[in-house]
Amino acid sequence: MGSWFIEYVKTNDGSNTLYSKKYTQNFHSQTDGALNESLLKYVIPSFDIFQNKKHLNILDICFGIGYNTFTTIIYILQNNIKTKINFYSVELDEELINSLKDFNYPKEFLQISHIITAISNNKSYKDDQFYIEVKIDDARNYIKTLDNIDIVYQDAFSSDVNKELWTKEYFYDIKNSLSKDAILTTYSIATPIRLSMYENDLEIYEYKYDSKRKATLATTMVKIDCSFDLKYIDMIKKQINNPSAISLKD
Ligand SMILES: C[S@@+](CC[C@H](N)C(=O)[O-])C[C@H]1O[C@@H](n2cnc3c(N)ncnc32)[C@H](O)[C@@H]1O
């Protein structure tokens, strides 16, 4: 594994994740499970909203061990979805990406082992349906190079240790990279982070990814059609009720 990481951590759905020494956090919630977290917080809500699309551009912040990109591909293949997808991703730790071919992924990923090997060896992959690139860079630089992104999986470490990927200035560049009808999904439900998005003209919603726990969806869309419960969050009201809440700044 990359130099900043100590051994595997087994999560509650049986899938493995890593603990980062540098950020002193697990890559995934041990309670939710790495595979489940990826499916329930990111992939299923996104593909409920974006059905029957010919083409989608997904920004995966940040690649880590790649669960969000790889789980999306498994979901697409299992559900016989024909959408062509470009995945754009970025990761600071090159050693980690180089080591992915040896990572002990869940058995569901066996059918895409050729994709995992290609990412690990070449940091890119292409076939008739999927294009994937993983740039070794700071995400703050990389996001400035993108446009026409339809879906953002916002899955950085939490803001107390990875602040640069949660500020108003960061979301300014994210907003500039989005298409007219785009969504961003994230595990964070903190008001300061929602304000960082809202102050860049993204509308804020909340959804439950299991019977109790919540996640955030931010969007450029005027109206969202989906089959799950999406609660609009009135950020003006939030600020009135909690005047000390402020967005995160660089
Ligand atoms: C929570 S993990 C991502 C988990 C990932 N979605 C997965 O499924 O494995 C955060 C990752 O972001 C990387 N990272 C942190 N800050 C970064 C930055 N400014 N630019 C690029 N990568 C960064 C870390 O090295 C780590 O691999």
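N52 is found in the loop between helix α1 (34-49) and strand β4. The model is a predicted one. In this model, phi of N52 is near 55°. That is a positive value, in a residue other than glycine. Is N52 buried or exposed? N52 is exposed, because just 7 other C-beta atoms lie within 10 Å, and a residue counts as exposed at 12 or fewer.

Now step back along the chain into α1. This helix has 16 residues. At 1.5 Å a residue, they should span 22 Å. The end C-alpha atoms of α1 are 22 Å apart, so the expected span and the model agree. Even so, α1 has a bend of about 35° at V43. A proline, P45, follows within four residues. Much of the helix is covered: twelve of its 16 residues are buried. Among them are A34, L35, N36 and E37. V43 and P45 are also on the buried list. A general point helps when you look at any helix. An α-helix has 3.6 residues a turn, so residues three or four places apart point the same way.

Next, go forward past N52 to β4 (55-61). This strand is mostly covered, with six of its seven residues buried. Which strands does β4 pair with? One is β5, joined to β4 by seven bridges, and the two run parallel. Find I58 and look across: F87 in β5 stands opposite. To get from β4 to β5, the chain passes through α2. This β-α-β crossover is right-handed. The other partner is strand β8 (residues 149-154), also parallel to β4, with four bridges. Here D60 stands opposite Y153 in β8.

Just after β4 comes an unusual peptide bond. The bond from I61 to C62 is cis, with omega near -15°. C62 lies in the loop between β4 and α2. C62 also takes us to the ligand. Around the ligand are 21 residues, and C62 is one of those that come nearest, together with G64, Y67, A139 and D155. Which elements give two or more residues to this shell? They are α2 (67-78), β5 (84-91) and α5 (139-142). What kinds of residue make up the shell? Eleven are nonpolar, four are polar and six are charged.

Move on to helix α4, the place of N121. N121 counts as partly exposed, because it has 13 C-beta neighbours inside 10 Å. Follow the chain back 23 residues from N121 and you reach N98. The C-alpha atoms of N121 and N98 are separated by 6.2 Å. K123 is in the loop between α4 (113-122) and β6 (124-126). K123 has a positive phi of about 60°, although it is not a glycine. N52 also has a positive phi. Their surroundings can be read from the neighbour counts. K123 has 19 C-beta neighbours inside 10 Å, so it counts as partly exposed. A residue needs 20 or more to be buried. N52, with 7, is exposed.

Now put the strands together. Nine of them form an open sheet, and the pairing is mixed. What is the order of the strands? It runs β6-β7-β5-β4-β8-β9-β11-β10-β12. Which strands stand at the edges? They are β6 and β12. Each has a single partner strand, so one side of each is left without a neighbour in the sheet.

The pairs around β4 are parallel, as seen with β5 and β8. Further along the order, antiparallel pairs appear. Strand β9 (residues 178-186) and β11 pair in the antiparallel sense over four bridges. In this pair, I183 stands opposite T219 in β11. T219 is also the bridge partner of E203. That second contact belongs to the pair of β10 (residues 203-208) and β11 (residues 214-219), which is antiparallel and has six bridges. β10 and β11 form a hairpin, with five residues between them.

The last step leads to the edge. Two bridges join β10 to strand β12 (residues 231-232), and these two run antiparallel. Look at E206 to see the match: it stands opposite K231 in β12. Here the sheet ends on this side, because β12 is an edge strand with a single partner.

Technical notes. Residues numbered from 1 in each chain as written. Predicted model: local features only at pLDDT ≥ 70, side-chain atom pairs only at ≥ 80, totals over all residues. Pairing = 2+ DSSP bridges. Near = placed C-beta within 6 Å. Nonpolar A, V, L, I, M, F, W, Y, C, P; charged D, E, K, R; others polar. Right-handed = clockwise from strand over helix to strand, strands pointing away. Expected span 1.5 Å × (residues − 1). Bend = angle between axes of the 7 residues up to and from the residue.
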